[in-house]
Amino acid sequence: MENNQIKQNRDFMKCPILGEAMKVSDQSKGLPHPPHGKMVDTPLITLQSFNEEHNNPIKAGDYSTLLDIRRSVRTYGKTVTMTQAQLAFLLYSTQGIQEYRGKNEAFTLRTVPSGGCRHPFETYIAVRNVEDLQPGIYYYSPMAYVGEKKVAITFLETLEDYENRITQMLAGQSWAANAPVVLFLTCVPYRSEWRYEKHSHRVMLIDLGHVGQNIMLSAAAMGLGSCCMAAYDQDLCDKALNLDGVDEYMVYAASVGMSVT
Ligand SMILES: Cc1cc2nc3c(=O)[nH]c(=O)nc-3n(C[C@H](O)[C@H](O)[C@H](O)COP(=O)(O)O)c2cc1C
């Protein structure tokens, strides 16, 4: 192969002998597992429940219909509001923690699968239009409610000049800034490196696809559209979310909202 970079990238997709990396990982050295989420010192906001009959945002009938209606949607109404129950269900589907497992609660079981139960992602939400929430950037704290179908978020900052900033962060995809929310998924790589060492990165990318599919299917189940985005401006996103770009950085985005076509 002439292009060495392409060869390297192809090889990166292949499965190495994971056991060899695990023999030298921090887990095998007995080092403590990293936290499953970020510690927040700003007040938590518990979103309206999605788990009661009168508030249940799920509209879809059977599973096969859901597969038929899931489509990437890029047409959102700037003034269409998302309910708190819809946002809560979306976030719960993305990273909700059902239980801790293992010695010292080293593992979490969540609404998505993850290689070795490492779950190396965090979820930030750019809110444009959600009932009773001020616009801005929020962080979803899945550790606030473990084993409960409840969702808590915390407000981080307002985003001045929202439409332009989101458009720039998403590499010019201005339609996404019209959505009531955009989820920004970040990676905290050490959570997976602790177990899989240098072979964790391939596994994390596979994990990420599962999260994206849950976002899309849950949006579809609520009668909403969504679009996952791998195209974004790394520096602008990392800066806007106050990430160091080394131990945590942006990896995926998804707009969600009612389609207005
Ligand atoms: C990993 C991944 C990255 C994507 N990135 C973008 C993106 O940056 N911008 C965009 O408009 N669509 C993006 N899409 C959406 C695809 O273009 C879309 O899934 C494809 O056109 C098929 O349409 P469907 O999702 O309606 O089946 C992405 C989808 C995936 C799975």
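Which residue in strand 3 is the bridge partner of Glu99? The tour below returns to that point after a view of the whole chain. The model on display is a predicted one.

**The whole chain**

Begin with the complete chain in a cartoon view. The chain contains eight helices and nine strands. Its C-alpha atoms fill a box of roughly 50 × 45 × 40 Å along the principal axes. The radius of gyration is 19 Å, which agrees with the value near 18 Å for a compact globule of 261 residues. Of the 261 residues, 40% are buried. Among contacts with a separation of 6 or more, 74% join residues 24 or more positions apart.

**The hairpin of strands 2 and 3**

Select residues 97-101, which are strand 2, and residues 107-110, which are strand 3. These two strands pair in the antiparallel sense over four bridges. Within this pairing, the bridge partner of Glu99 is Leu109 in strand 3, and this answers the opening question. Strand 2 and strand 3 form a hairpin, with five residues between them. Select Gly102 in the turn: its phi is positive, at about 85°.

Now display the side chains of strand 3. In a regular strand, side chains alternate between the two faces of the sheet. The covered face of strand 3 carries Thr108 and Arg110, whereas Phe107 and Leu109 are on the uncovered face.

**The loop after strand 3**

Continue along the chain into the loop between strand 3 and strand 4, where Cys117 is found. Most residues other than glycine have a negative phi. Cys117, however, has a positive phi, near 55°. His119 lies in this loop between strand 3 and strand 4, and it too is a non-glycine residue with a positive phi, of about 45°.

Are Cys117 and His119 buried or exposed? Cys117 is partly exposed, because 17 other C-beta atoms lie within 10 Å. His119 is buried, because 25 other C-beta atoms lie within 10 Å.

**The seven-stranded sheet**

Next, colour the strands of the open sheet, which has seven strands in the order 1-6-5-4-7-9-8 and antiparallel pairing. At its edges are strand 1 (44-46) and strand 8 (225-229), each of which pairs on one side only. Neighbouring strands of this sheet are turned by 30° against each other on average, direction ignored.

Strands of a sheet pair through backbone hydrogen bonds. For an example, select strand 4 (residues 121-127) together with strand 7 (residues 181-187): they pair in the antiparallel sense over seven bridges. Thr123 stands opposite Leu185 in strand 7.

Add helix 4 (residues 84-95) to the selection. Helix 4 lies across strand 4, strand 5 (136-140), strand 7 and strand 9 (249-257). With respect to strand 4, helix 4 runs at about 160°.

**Two residues in helices**

Select Gly19, which lies in helix 2 (residues 18-23). Gly19 is exposed, because it has 8 other C-beta atoms within 10 Å. Then add His199, which is 180 residues away from Gly19 in sequence; their C-alpha atoms are 9.7 Å apart in space.

Move to Leu67 in helix 3 (residues 63-69). Leu67 also counts as exposed, because it has 10 C-beta neighbours inside 10 Å. Select Ala220 along with Leu67: the two are 153 residues apart along the chain, and their C-alpha atoms are separated by 8.6 Å.

**The ligand**

Finish at the ligand. Which residues surround the ligand? Around it are Arg71, Ser72, Arg74, Gln173, Cys227, Cys228, Met229, Ala230 and Ala231. This shell divides into five nonpolar, two polar and two charged residues. For orientation, compare this selection with the edge strand visited earlier, strand 8, which spans 225-229.

Technical notes
Residues are numbered from 1 along each chain as its sequence is written. This is a predicted model: local features need pLDDT of at least 70, side-chain atom pairs count only at pLDDT 80 or more; totals for chains, interfaces and linings use all residues. A residue is near a molecule or strand if its C-beta atom, placed from the backbone, lies within 6 Å of it. Ala, Val, Leu, Ile, Met, Phe, Trp, Tyr, Cys and Pro count as nonpolar, Asp, Glu, Lys and Arg as charged, and the others, Gly among them, as polar. A residue is buried if 20 or more other C-beta atoms lie within 10 Å of its own, exposed if 12 or fewer, and partly exposed in between; C-beta atoms are placed from the backbone. The radius of gyration is taken over C-alpha atoms; the globule rule is 2.2 Å times the number of residues to the power 0.38. Two residues are in contact if their C-beta atoms, placed from the backbone, lie within 7 Å. Two strands pair if DSSP finds at least two bridges between them. Axes are lines fitted to C-alpha atoms, for helices over the stretch in contact, and angles run from 0 to 180 degrees between N-to-C directions.
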